[in-house]
Amino acid sequence: MAEENGKDGEDYKLERNSELRFEVDSRNEVHMEMIDGMAEVFGTEITKKQQYKFMPGSKMAVYTFHGCTIKLRGKTEVAYISKETPMTMYLNTHAAMEQMRAKADIEETRGPRVLVVGPTDVGKSTLCRLLVNYAVRCGRSPILADLDVGQGQVSVPGTLGAVVMEHTADVVEGYVKTTPLVFHFGHKSPADNNTLFNTLTSRMAEVINIRSEQSQRVNSSGVVINTGGWVRGAGYDALKHAAGSFEVDIIIVLDQERLYNQLKGDMPEFVKIVLLPKSGGVVERSQHARAEARDMKIRDYFYGVNGNLYPHSFDIKFNEIKLFKIGAPSLPESCLPLGMKASDCKTKLIPVLPTMTLLHHVLSISAANSVDQNIVESNILGFIVVTAVDMEKSILTVLSPAPRPLPKSILLVMDIQFMDIK
């Protein structure tokens, strides 16, 4: 392993089955170019002589099966070449899934459904991206389902999302998210409302089943499911609930033997449990770093990864919208109406009056047309952020990716805030 710190304009010559890992300095951009050979970034092939621009704080890994030369221009926090990589094992996992897809094609049945689990910061999202990209490169259209509400790969944090992948993820901008399925959860952790999280997981699995039945190509391509890092207690129960809801065939456990053996004992025999190592390039993030990553995800939604989008700011009258939160505070069973359980409160729709406390909160725009619909399990059309509240004029000023008017009037309040300082 050769390491370089903070160099500018370096050429890195990678041998077969090696990986260049680098982190962009927090105050600079880095431009990457492949001079010769063949390489990929998280399963997406990179083009020779093309310039790729990575924004401050980006953490990247360039892998080559055959050898290549990579040029980096700009300041990096760290950049090094590693030959110790689990990529061959990840590729073998993809090959096994591809065999299952080929069989599903012949028999016109369902392809593999894979749940990727493990503690925080072991590379679950990266492995999902690899498996999805490899499947697309084989001509498949897998569904990526994201249950990691803390970070959000398909949509903004605080949501569960799924998307049919027709193209490999862009090297710089990530997934091409055309018409994703998104559900409002509203919190950074499943622990904040376990009942709602499991309800939405079941609903997502139900919609994915319907979508798969509409296309044999999607059905045989299977589903790759990303999860959060909460793997103990109620978090473990949520993983088991997800495995049952999606009727998974394979569970990939990253870097934790305890979880692997626990699942081996609890899962039915037909579910294959696979233990894989994490990549050496994965680094543990502090709470502050995770909060910054969440903030960046929301910023990217409005402004684009490279700042190439231009959101709109406009006013909305209080009487033009209906605001709700999902989940009431827990009450003792003795205080509840007859026949009602404490868990029922967790999926209850609570009306919210516009006040100054809404400032900087992210709001989800529900696809529901009226309060008579099941708003809790309705999908989300998009997001806005409250940037100002005028109580005298009864007006909210919002940041929106599209111009006025809002597509629907029912808005759901998140516990997640975003300060628009651009």
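The sheet to look at in this predicted model is an open one of seven strands, and if you read across it the order is β14-β13-β12-β15-β11-β16-β17, with mixed pairing. At the two edges sit β14, residues 181–184, and β17, residues 272–276, each of which pairs on one side only. From one strand to the next the twist averages 15°. As a general reminder, the strands of a sheet pair through backbone hydrogen bonds, and they may do so either parallel or antiparallel.

Let me take one pair from that sheet as an example. Strand β12, residues 143–146, is joined by four bridges to strand β13, residues 159–164, and these two run antiparallel. Within the pair, Leu144 stands opposite Val163 in β13.

Now to the helices that lie across these strands. Helix α3, which covers residues 194–213, lies across β11, β12, β13, β14 and β15, and runs at about 10° to β13. Helix α5, residues 234–246, lies across β11, β12, β15 and β16, and runs at about 170° to β11.

How, then, are α3 and α5 placed with respect to each other? In general, two packed helices are described by the angle between their axes and the distance between the axes. Here the axes of α3 and α5 come within 9 Å and cross at roughly 20°. Since angles under 35 degrees count as roughly parallel, α3 and α5 are therefore roughly parallel to each other. The crossing in which α3 passes α5 is right-handed.

As for the residues that meet there, α3 contributes Asn194, Phe197, Asn198, Thr201, Ser202, Met204, Ala205 and Ile208, while on the α5 side we find Ala234, Ala238, His241, Ala242, Ser245 and Phe246. Sorted by class, this contact has eight nonpolar and six polar residues, and no charged ones.

I would like to finish on one residue of that contact, Asn194, which is found in helix α3. Is Asn194 buried or exposed? The answer falls in between, because its relative accessibility is 21% and buried would require a value under 20%, so Asn194 counts as partly exposed. Leaving aside residues up to four places away in sequence, Asn194 touches Trp230, Ala234 and Ala238, and of these Ala234 and Ala238 are also listed on the α5 side of the helix contact. Looking back towards the sheet, Asn194 and Ile143 are 51 residues apart in sequence, and their C-alpha atoms are 24 Å apart in space.

Definitions and conventions
Residues are numbered from 1 along each chain as its sequence is written. This is a predicted model: local features need pLDDT of at least 70, side-chain atom pairs count only at pLDDT 80 or more; totals for chains, interfaces and linings use all residues. Side-chain values use heavy atoms; hydrogens and water are left out. Buried means under 20% relative accessible area, exposed over 50%, partly exposed in between (1.4 Å probe, protein chains only). Contact means heavy atoms within 4.5 Å. Two strands pair if DSSP finds at least two bridges between them. Axes are lines fitted to C-alpha atoms, for helices over the stretch in contact, and angles run from 0 to 180 degrees between N-to-C directions. Angles under 35 degrees count as roughly parallel, over 145 as roughly antiparallel, 65 to 115 as roughly perpendicular and the rest as oblique. A crossing is left-handed if the near helix is turned anticlockwise from the far one by less than a right angle, and right-handed if clockwise. Ala, Val, Leu, Ile, Met, Phe, Trp, Tyr, Cys and Pro count as nonpolar, Asp, Glu, Lys and Arg as charged, and the others, Gly among them, as polar.
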